[in-house]
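These are my notebook entries on a structure that I had not examined before. I set down what I looked up, entry by entry.

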Amino acid sequence: MISANLAAIFYLVSGILFILALRGLSSPDTSRQGNYFGIAGMIIAIVVTFLSIGNFSTSLVYVVIFLVIGGAIGAFIAFKIPMTAMPELVAGFHSLVGLAAVFVAIAAFLNPTAFNLGNVGDIKLASLIEMSIGAAVGAITFSGSIIAFLKLRGIMSGAPITFSGQHILNLVLGIGIFVLIFYLCKTQSTNIFWTVIIISFLVGVLLIIPIGGADMPVVISMLNSYSGWAAAGIGFTLENTALIITGALVGSSGAILSYIMCKAMNRSFVSVILGGFGADNSTDDKKEKKDQKPVKSGNAEDAAFLMKNASSVIIVPGYGMAVAQAQHALREMVDKLKKNDIKVTYAIHPVAGRMPGHMNVLLAEANVPYDEVFELEDINNDFANSDVAFVIGANDVTNPVAKTDPKSPIFGMPVLDVEKCKSVLFVKRSLSPGYAGIDNELFYKDNTLMLFADAKKMTEDIVKNLD
Amino acid sequence: MEIDPFIFRLSIFVLSIFIGYYVVWSVTPSLHTPLMSVTNAISSVIIVGAIIAALAGSSESIFNTSSIFGFIAIILAAINIFGGFLVTQRMLQMYKKKKDKKK
């Protein structure tokens, strides 16, 4: 058994190790070391908790058993999950953090003596506020992440679900939670505590259903942030430094990622949260107009010919590449091009895919060296000096309308200057507009060649034609 | 007048938000996915609360209402800790430089 002061110092150490874990991610070289720091911090926190309780009874055996069960499940998932399923895995993990926060808050509410928070029916006021905020945010994180998970997994349609009065309902429920917490503090009633949790679950669902598929990068980052604030709330209740530091780190991390994603779409955070973007599909007469415009379409042979004769090619991957799992075929194609002394680089838009950094992970999985992969601002000037842009599964992030038409819903969004390339190859299944529901004028440019096919199939065909 | 210990915790919290702000801005965008999975893993340090709750049961009743919530929370957090760190490790192993590839 160690003293509370010594335990607090160890918790501080583990908090610092967590900071170093995030610090390591500033470069891929140091990132692996960072992850070990994180693991070390976690081990310290868990061991210190055991030592500070000093209750080595049969309960401890059960705690270890449950720890091992959970650990085995987690390890199994971590090794089995395909890289393309990473967005839904992260959403799923967020939901677990949220639910764990709710359960810890419930346990603390039912047995406050164990946490030194007072007695049942007479819990310290500050602790009660902290634990109910922790529980409420945890519950929102849980149910919100479940909805995000279902949408990403495709079990639930990615289309936004909206109904009239939605925002007012959310507002009322949100205020309701605060009012109930106020009464909870006055009455210490168990029923009110349960009601707060149930309403929070409902709010989580209502918050995420109106948000469409391509806004998922924001949603995931936002839920990441919430899971941090929930952990911090519980950290205050437990008076645990490691948990407070971690909660603050994760909370701000998620908030920054949400900000970066919103900025990359030139949309305000509020408008993403209110949802419904891309809900109204373009009307029929608009579609007819599109069909009349001439489009040059080609096949794998044409594409292979164009690229073989180029001296530099820039690849622009998007969500379509992830869906088709085309990253390995793409890598093969690039290897062939490099053998012909063609310079190949990758250009990644911050919101390409369904979560921050989604494309980078997929390319890394296909063994693409990370120093060939560039972010928007680092590569955008290179398009003008390149021969071919190979757009695979991306659409809105290349649409020049964002620069030219102030009326367009994506006006002002930073886009990749693909049109400046001498020629553009567009791998796409059809001419359908992207998520924003707007037409991409790039399709109709003279130097654009559309390759209508599944991204993986087309890339494989091009590989064959490159021989 | 004595300062409430809550204020000290609040100070730690606020300063940590600032640390988080600067540290996360320095994370390279290509590692944003591992960032999310590792933040997931570390926020599961909430397991310390779950352990306290689970161990609060007396020797006669290891499983009472409060400790059962603790035990379930241990499983949930453990899934996250192991899953989060291992999947991050798996992802980070894939990030390689050009020269490594040619070996």
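Entry: a bridge between strands. I looked up Ile315(A) and found that its bridge partner in strand 4 of chain A is Tyr346(A). I then took the two strands as wholes: strand 3 (residues 312–317) and strand 4 (residues 343–348) of chain A run parallel and are joined by four bridges. The model I am reading is a predicted one.

Entry: the sheet. I followed the pairing outward and noted an open sheet of six strands in chain A, in the order 5-4-3-6-7-8, with parallel pairing. Which strands stand at the edges? I found strand 5 (373–375) and strand 8 (448–452) of chain A there; each has a single partner strand, so one side of each has no neighbour in the sheet. I recorded an average turn of 25° between neighbouring strands of this sheet, direction ignored.

Entry: helices on the sheet. I noted that helix 12 (residues 300–308) of chain A packs on the sheet and touches strand 3, strand 6 (388–392), strand 7 (423–428) and strand 8 of chain A. Its direction makes about 145° with that of strand 7 of chain A. I noted next that helix 14 (residues 327–339) of chain A also packs on the sheet, where it touches strand 3, strand 4 and strand 6 of chain A. The direction of helix 14 makes about 145° with that of strand 4 of chain A.

Entry: positive phi values. I keep in mind that most residues other than glycine have a negative phi. I found Gln325(A) with a positive phi, near 55°, in the loop between helix 13 and helix 14 of chain A. I found Glu239(A) with a positive phi near 55°, in the loop between helix 8 (216–238) and helix 9 (241–264) of chain A. Gln325(A) is partly exposed at 38% relative accessible area, and Glu239(A) is partly exposed at 39%.

Entry: Val323(A). I located Val323(A) in helix 13 (residues 319–324) of chain A. Its C-alpha lies 9.5 Å from that of Asp454(A), although 131 residues separate the two in sequence.

Entry: a contact with chain B. I placed Asn111(A) in the loop between helix 4 (86–110) and strand 1 (118–119) of chain A. Is Asn111(A) buried or exposed? I count Asn111(A) as buried because its relative accessible area is 16%, below the 20% cut-off. Asn111(A) touches Ala56(B) and Ser66(B).

Entry: confidence. I noted an ipTM of 0.92 and a pTM of 0.88 from the predictor for the complex. Chain B averages a pLDDT of 87, and 90% of the residues score at least 70.

How values were computed. Residues are numbered from 1 along each chain as its sequence is written. Chains are lettered from A and ligands numbered from 1 in the order in which they are written. This is a predicted model: local features need pLDDT of at least 70, side-chain atom pairs count only at pLDDT 80 or more; totals for chains, interfaces and linings use all residues. Side-chain values use heavy atoms; hydrogens and water are left out. Buried means under 20% relative accessible area, exposed over 50%, partly exposed in between (1.4 Å probe, protein chains only). Contact means heavy atoms within 4.5 Å. Two strands pair if DSSP finds at least two bridges between them. Axes are lines fitted to C-alpha atoms, for helices over the stretch in contact, and angles run from 0 to 180 degrees between N-to-C directions. pLDDT is the predictor's confidence in each residue, from 0 to 100. Lists of a residue's contacts leave out its neighbours within four places in sequence.
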